[in-house]
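I opened this model to look up how helices pack within chains and what passes between chains. My notes are below, in the order in which I went through them.

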Protein chains: 4
Amino acid sequence: MTSLPLAKAQNIIDAAIVKANEIGQPMNIAVVDDGGHLIAFARMDGAIKASIDISTRKARTSILMNAPTAALSDLVQPGAELYGLEQLSGGLVIFGGGILLEIDGTVVGAIGVSAGSVSQDVAVAEAGVAALS
Amino acid sequence: MTSLPLAKAQNIIDAAIVKANEIGQPMNIAVVDDGGHLIAFARMDGAIKASIDISTRKARTSILMNAPTAALSDLVQPGAELYGLEQLSGGLVIFGGGILLEIDGTVVGAIGVSAGSVSQDVAVAEAGVAALS
Amino acid sequence: MTSLPLAKAQNIIDAAIVKANEIGQPMNIAVVDDGGHLIAFARMDGAIKASIDISTRKARTSILMNAPTAALSDLVQPGAELYGLEQLSGGLVIFGGGILLEIDGTVVGAIGVSAGSVSQDVAVAEAGVAALS
Amino acid sequence: MTSLPLAKAQNIIDAAIVKANEIGQPMNIAVVDDGGHLIAFARMDGAIKASIDISTRKARTSILMNAPTAALSDLVQPGAELYGLEQLSGGLVIFGGGILLEIDGTVVGAIGVSAGSVSQDVAVAEAGVAALS
């Protein structure tokens, strides 16, 4: 198994952009490899700048936690088991929009999407994931 | 009293790994000295990468707070006395899995375990502690 | 004047990739806007991971210094006027590979290229710049 | 290809420790995976604490630069092409002691050794590398 090639990462970003345009929300979209290192990134025209970091960090968080970032939200609330998690391991994102990219059950990378509502971010990330298969 | 030697730190990690295998949860395990500086570390196959930092930081937090990290959770909730503690002193972990290592009542180091549920992390850390006596 | 749109940033990256393939050196290529914020990024297959940060920071350095990064090298040597500059403003890159992107004399962004020799990085960045006109 | 398992990382550290004992210089020894993430670490009794970070960062630098850290020294001197490199990509080590770990020509990780003279560090790292084959 080789790591995710740039051509596939760009396909994933292109598919995410199609979805973002469909819902009318410009997005920041990042694709990282299985070590959390950036392969490709695109900020759509009009997407907020804060989400450059947030999208990239969502993808990295998915790799480091081996899970979608949406799975973390409940665990880190006040009183919950992992309260305070977000400031560990260099800064993790604890809301949805980061999803693992897998080929035949092996993690090859992750996508992170940010700039809309969390449900929009997740929908666009899922469109990116779908482009891998 | 001399500080914890590497051979003992490795025994502690080995005992923790035995326990982690027993409960079927791969873990990151760190042992630090009485200054909070890393002596030995092991990431078991399949354990999440975020816990490299978290396990090490749990051990360091125990040294800096002179307490198990599980003792901090109640104190740092919204409205509680130490709310916000987790972002001080370079970043502290405020959930269980970090425990002091003591010989005859003297702190010689700490163990930090991370990658499972908090109760799993604590159980594996306790197995490490037990290997010291 | 509008800031650089994603479509143009991608054209610039595509042109840089063509040049990188021509010289047989896989590269990291970043395009930032006139505020130094990332618009698009690509890491070619086989390009070193250290250059993710370096390419992005070269582009950002060009914006912050309003100059190509190659212009900084002489100024920061021991004994020279700006010795120590590289650790300021969040970390600047003081060797070639970052170049301003201008339209009709107005800065609209910058490109940063890293992973080869400095002269290769500059050649690939210049190919990106040429794609803007 | 799977990433480097803990058992192999520990073999590598054990072999490095044998060599360090042979030359009579206690060392810090770190092994990271192909994404630069720590797998195993040992600080031998009496080895300096600064080298916890340095050894780990040497291994990470080898991954990020896809080269032994010893190869960087000439390139980063005042007046040389990559002067200033050491403060990029989160902080790189630019002297010897970090070496890639390869299986059949594929990078699976890296070892970093620190606490002695650079030539001692390199000798101990090479002993670790030799244990992989």
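The entries take helix packing, then interfaces, then salt bridges.

Entry 1, status of the model. I note that this is a predicted model.

Entry 2, helix packing in chain C. I looked up helix H1 (residues 6-23) of chain C against helix H3 (residues 118-130) of chain C, and their axes come within 7 Å and cross at roughly 140°. Angles over 145 degrees would count as roughly antiparallel, so I enter H1(C) as oblique to H3(C). The hand of the crossing of H1(C) and H3(C) is right-handed. Which residues make the contact? From H1(C) I listed Ile12(C), Ala15(C), Ala16(C), Lys19(C), Ala20(C) and Ile23(C). From H3(C) I listed Gln120(C), Ala123(C), Val124(C), Ala127(C) and Gly128(C). Sorted by kind, the residues of this contact of H1(C) with H3(C) are 8 nonpolar, 2 polar and 1 charged.

Entry 3, helix packing in chain A. I then went to helix H1 (residues 6-23) and helix H3 (residues 118-130) of chain A, which pack at an angle of about 140° with their axes 7 Å apart. That angle makes H1(A) oblique to H3(A). I recorded the crossing of H1(A) and H3(A) as right-handed. On the H1(A) side the contact is made by Ile12(A), Ala15(A), Ala16(A), Lys19(A), Ala20(A) and Ile23(A). On the H3(A) side I find Gln120(A), Ala123(A), Val124(A), Ala127(A) and Gly128(A). The contact of H1(A) with H3(A) divides into 8 nonpolar, 2 polar and 1 charged residues.

Entry 4, helix packing in chain B. For helix H1 (residues 6-23) and helix H3 (residues 118-130) of chain B, I have axes that come within 7 Å and cross at roughly 140°. H1(B) is therefore oblique to H3(B). The crossing of H1(B) and H3(B) is right-handed. The residues of H1(B) that meet H3(B) include Ile12(B), Lys19(B) and Ile23(B), and among those of H3(B) are Gln120(B) and Val124(B). I count this contact of H1(B) with H3(B) as 8 nonpolar, 2 polar and 1 charged residues.

Entry 5, chain C with chain D. Here 19 residues of chain C are in contact with 15 residues of chain D. Chain C and chain D bury about 1,400 Å² between them, with 64% of it on carbon and sulfur atoms. How many salt bridges lie between chain C and chain D? I find 0.

Entry 6, chain C with chain A. At this interface 16 residues of chain C are in contact with 16 residues of chain A. The two chains bury about 1,400 Å² between them, 55% of it on carbon and sulfur atoms. In chain C, I noted Leu6(C), Leu38(C) and Arg43(C) as losing the most area to chain A, together 35% of what that side buries. The interface of chain C and chain A has 2 salt bridges. Asp33(A) forms a salt bridge with Arg43(C), the closest N and O atoms being 2.9 Å apart.

Entry 7, salt bridges elsewhere. Over all chains I get a count of 16 salt bridges. Arg43(D) and Asp33(B) meet in a salt bridge, at 2.8 Å from N to O. This pair crosses between chains, with Arg43(D) in strand S2 (residues 38-43) of chain D and Asp33(B) in strand S1 (residues 28-33) of chain B.

Definitions and conventions:
Residues numbered from 1 in each chain as written. Chains lettered and ligands numbered in written order. Predicted model: local features only at pLDDT ≥ 70, side-chain atom pairs only at ≥ 80, totals over all residues. Heavy atoms only, no water. Axes fitted to C-alpha atoms, helices over the stretch in contact; angles between N-to-C directions. Parallel < 35°, antiparallel > 145°, perpendicular 65-115°, else oblique. Left-handed = near helix turned anticlockwise from the far one by under 90°. Contact = heavy atoms within 4.5 Å. Nonpolar A, V, L, I, M, F, W, Y, C, P; charged D, E, K, R; others polar. Buried area = accessible area lost by both parts, 1.4 Å probe. Salt bridge = Lys/Arg side-chain N within 4 Å of Asp/Glu carboxyl O.
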